[in-house]
Amino acid sequence: MPALTYLHRLEHPFGVHYACCAAWGACYATRFDLAVVIAVLANFVAIISGNPLNAYADVRNDIHTAEKRHLARAVQEIGTNKVLALAIFEMIFAQALAIAVSWRVAIGVGLILVLYLAYNLEPIRLKRRGYSGPVVLAIAAGLLPSITAYAAAGGQADPAVWLVFSGVAALATGRALWWAVPDRAGDAHVGSRTPAVVYGTRHAVNATTQLTVGGLLLVGGGLWFRFGPMWAAVGVAACSAFLFARDLPTARQQLRYGMSMAVVSTIVLASIPLLA
């Protein structure tokens, strides 16, 4: 059903991106048994459950943003109360899966869900509070799923892996900031004080670039310590391709080019520990 696909943001390349975010942390522990698979599934459901919640909370924003009106129409087609109920059901299901694995996975998935609630819902609604929005979104969709999958796979404390995970969080923060730039008009209309609204699009793009460079340094350092300079160069090259897409002005172009590059970089990062 197209409306449900839009609400969960599963159109290409988002579906692959969410699957990578849910699973790639386990690749650094190089173990995939049933418990890990269930933890990855819990991650995936938790990540996508935030999207109908976001569509529900952002109806007023999206109706004033040309390239997001299909999301507002999808909410109207299904019904706002049903969309909210769907998001709540998926969050409960994700938490139940996590509890079935271990208390560590339950805590990780629970934190993802709490951050999504804080990001989207009043009176907190971190999405409209400057840099809090992209930082929380990056932690919820990037850092926590990585740690959760890594822990489920029996990963041990390793400074090199934490450098990589921290770098990915920085990259995800930059992408979240960048992804909100085309929403500036709709966000401004409803009073959301996103960085693009408060400081302007050029500031947001420059901040995206700085966060991406910082993330590349962390990712490169972690890969170098763990796998050596060749694999570090591969990972940094894959992640740095996103910099060529940072000035794309529309959501359609961002989706087609920028997010595709982000997905490729995540696949490369997931593949390195399996190939090295």
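Guide: Before we start, one definition: helix axes are lines fitted to C-alpha atoms over the stretch in contact, and angles run from 0 to 180 degrees between N-to-C directions. Please also keep in mind that this is a predicted model.

Visitor: Thanks! Then what is the orientation of α3 and α6 to each other?

Guide: Helix α3 covers residues 34-57 and helix α6 covers residues 80-101. They pack with their axes 8 Å apart, at an angle of about 160 degrees. An angle over 145 degrees counts as roughly antiparallel. Therefore α3 and α6 are roughly antiparallel.

Visitor: How do the residues of the contact of α3 with α6 divide into nonpolar, polar and charged?

Guide: On the α3 side the contact residues include I38, L41, V45 and Y56, and on the α6 side they include V83, M91, F93 and L97. S49 of α3 as well as T80 and E90 of α6 also take part. The division is 20 nonpolar, two polar and one charged.

Visitor: And which hand does the crossing of α2 and α3 have, left or right?

Guide: Helix α2 (residues 14-27) packs on α3 at an angle of about 140 degrees, with the axes 9 Å apart. That angle makes α2 oblique to α3. The crossing of α3 and α6 is left-handed, whereas the crossing of α2 and α3 is right-handed.

Visitor: How many polar residues are there in the contact of α2 with α3?

Guide: Among the contact residues are G15, Y18 and C21 of α2, together with N43, F44 and N51 of α3. Of the residues in this contact, 11 are nonpolar and none is charged. The polar ones number three.

Visitor: Let me move on to α12. What end-to-end distance do its C-alpha atoms show?

Guide: Helix α12 runs over residues 201-227, which makes 27 residues. At 1.5 Å a residue, the helix should span 39 Å. The model agrees with that, because the end C-alpha atoms are apart by 38 Å.

Visitor: Which residue just after α12 takes a positive phi?

Guide: Within α12, the buried residues include A204, V219 and G222. Just after the helix, phi becomes positive, at about 105 degrees. The residue with this phi is G228.

Visitor: Which residue of α12 touches V168, leaving aside neighbours within four places in sequence?

Guide: V168 lies in helix α9, which covers residues 159-179. It counts as buried, because its relative accessibility is 12%, and buried means under 20%. Its contacts, apart from those sequence neighbours, are W24, V219 and L269. Of these, the one listed among the buried residues of α12 is V219.

Visitor: How far apart in space are V168 and L143, C-alpha to C-alpha?

Guide: Along the sequence, V168 and L143 are separated by 25 residues. Their C-alpha atoms, on the other hand, are apart in space by 7.1 Å.

Visitor: What about A160: which residues is it in contact with, leaving aside neighbours within four places in sequence?

Guide: A160 is found in helix α9. At 8% relative accessibility, A160 counts as buried. L97 lies 63 residues from A160 along the chain, and their C-alpha atoms are separated by 29 Å. The contacts of A160 are G222, F225 and R226.

Visitor: Where are the contacts of N120, and which of them belongs to the loop between α7 and α8?

Guide: N120 is found in helix α7 (residues 103-120). With a relative accessible area of 2%, N120 is buried. Not counting residues up to four places away, N120 touches G50, L53, N54, A57 and R125. The one found in the loop between α7 and α8 is R125.

Visitor: What omega does the cis peptide bond in that loop have?

Guide: P123 has its place in the loop between α7 and α8. A cis peptide bond joins E122 to this proline. Its omega is about 5 degrees.

Visitor: And is R125 buried or exposed?

Guide: R125 has a positive phi, near 35 degrees, in a residue other than glycine. Its relative accessible area is 5%. Since buried means under 20%, R125 is buried.

Visitor: Last one: what phi does R9 have?

Guide: R9 is found in the loop between α1 and α2. At 11% relative accessibility, R9 counts as buried. Its phi is positive, in a residue other than glycine, and lies near 50 degrees.

Conventions. Residues numbered from 1 in each chain as written. Predicted model: local features only at pLDDT ≥ 70, side-chain atom pairs only at ≥ 80, totals over all residues. Heavy atoms only, no water. Helix = DSSP H or I, 4+ residues; strand = E, 2+ residues; numbered from the N terminus. Buried < 20%, exposed > 50% of the residue type's maximum accessible area, 1.4 Å probe, protein only. Contact = heavy atoms within 4.5 Å. Expected span 1.5 Å × (residues − 1). Parallel < 35°, antiparallel > 145°, perpendicular 65-115°, else oblique. Left-handed = near helix turned anticlockwise from the far one by under 90°. Nonpolar A, V, L, I, M, F, W, Y, C, P; charged D, E, K, R; others polar.
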